[in-house]
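Thanks for coming, everyone. Please have a look at the chain on the screen, and then I will walk you through how it is laid out.

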Amino acid sequence: MTKEFNHEDVQGNILRGYSLNRVRHLVLEVTNRTLARQFLAAAVSGTTDAVPTITRESSEKWADPPDLCFNIGVTFAGLRALGVTQDHLDTFPTEFRQGMTKRAAKIGDFGDSAPKNWAEPFNQPDRVHLIASIYSDTDEQLEKVEQVQAQVAKAFGVIGVQDGRNLPEGKVFFGYRDSISQPRFAHVINPDRANDNEPINPLGTVLLGYPTHYEGLLFRVPNPDELGRNGAFNAFRVLAQDTVGFEKYLSTAATELENHPEVDHLLPPGAEENIFGMKDNRHGALREVVAAQMCGRWRNGMPYEKSPNSTGPIPDTPGFLTNFDYDRESRCPAGSHTRRANPRNGHIVQRMSNYSRRIVRRGMSYGPDFDPANLDEANNPERGLLGNFLCANLGAQFEAVMCDWINVGLQNPDITGADDPLLGANEPETSWFDLTLANGGSIRLRGFPRFIKARGGAYTFLPSLSAIAYLSQLDT
Ligand code: HEM
């Protein structure tokens, strides 16, 4: 299988992430099919400087990764606009054909998050044909990024632009360090994940045409094989984060907890010093305990499961942050974001699914910096995450995680009915989250709102290099 697998046929940023800190996503409409096809032909062949070259995966360790990367995703409407024939379109999975807006109920996009409330262009999904992403490293490269945008604009209508950047220390808004736990794949050299001891994922977890975690079962490759094989699906999400609301809720919860009769089982007296050095600040330490249990990690990335009473120091041991598991005695709450999104080998109702729903995450933050010292509602502009959630099957993986695990909690009867406290479609009237205690008990938090709202997005297909060439040669 290794011999058969051609790394260079796969677009970059799927099997391994780029270590680049800026992204510009261009939302594109095919307004002239001929020009669009010519652009794709040039982008895949890399023979002209007038069009950016698609960045591809490689079979080697990336000794010298390019400082500017370019990748594309195509929506179902985009495949049609490029001229894929109806009989081939019909072989794509239903959720992709319907598109993200029609799947809103499955992924929690209702209320304020409903697609009718999304900003342009995502509220017109029939016009969203491609999402082209330009990755760069620093603001100094902006000129180059704009040149690429100008090249793209000669072939497509640019109907939306979304800029993202990595925040300092690998953090995202809400102050957590992110992108620590990612699946690693068979046949891929990835020194960043070399010391993870979770099972290696078969390629079919994210790429079409390969074995999956399900013995003998493969996700269907759309026709023709040249178009479907080595492709991946992506849920591109514009997720607004209510940074002010989140920080305020942590304070509300800490105030309630300070007087709770069981609070010493949540945080032993004196442990404050070990929580980011918060000596004599029990309120501040309890805020951090709530944040840590909601996520499953302290905000510096330390897994709560490994260290329920201390945020560090984090040892320099390779794999320390990723090598852990859950069991019935776990202190990491079953309802926490990370345990819901990846139950690892913990006991869950859908026992076959422990590792089969693994999702590759490639996200960057958008919007202005946030100052936690300024919680003025009038100074709470939109900011959040431009997230790419990649998998081989949107229904069986992304939607199954969002619906069963994040929003309904079907994996464990103890949390069924409660939504993910960070990401879920919560309403203050009904929301609840159980904090775990050292004596095996729990304290239930209630009354928190939805902290993360959908503001846009699209399901895209990340075609292989052969598939991009195929699309460029269509003559329909
Ligand atoms: C603004 C939105 C989101 C925020 C702020 C957020 C935050 C985080 C943080 C802080 C972590 C811990 C870092 C790590 O383990 O790598 C994490 C992990 C994770 N998140 Fe999210 N997340 C968001 C949206 C989502 C969505 C939409 C999904 C969809 C499935 C998701 C799936 C995951 C997964 C799979 C993990 C890794 C869990 C593990 O392997 O232990 N997240 N997230």
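The chain is divided into domain 1, which covers 7–188 + 204–235 + 457–472, and domain 2, which covers 241–456, where the bounds come from an automatic or database domain assignment. Residues, I should say, are numbered from 1 along each chain as its sequence is written. Please also keep in mind that this is a predicted model, in which local features need pLDDT of at least 70 and side-chain atom pairs count only at pLDDT 80 or more, while totals for chains, interfaces and linings use all residues.

Between the C-alpha centres of domain 1 and domain 2 there are 28 Å. How many residues of each domain are in contact with the other, if a contact means C-beta atoms, placed from the backbone, within 7 Å? The count is 52 residues of domain 1 against 44 residues of domain 2. Several elements each supply at least two residues of the side of domain 1 that touches domain 2, among them strand 1 (22–29), helix 4 (94–98) and strand 10 (452–462); helices here are DSSP runs of H or I with at least four residues, strands are runs of E with at least two, and both are numbered from the N terminus.

Turning to the chain as a whole, we find 12 helices and 10 strands. Its C-alpha trace spans about 75 × 50 × 40 Å along the principal axes. Buried residues, meaning those with 20 or more other C-beta atoms (placed from the backbone) within 10 Å of their own, make up 48% of the 476 residues. Finally, among contacts between residues at least 6 apart in sequence, 69% join residues at least 24 apart.

Methods: A residue is buried if 20 or more other C-beta atoms lie within 10 Å of its own, exposed if 12 or fewer, and partly exposed in between; C-beta atoms are placed from the backbone. Two residues are in contact if their C-beta atoms, placed from the backbone, lie within 7 Å.
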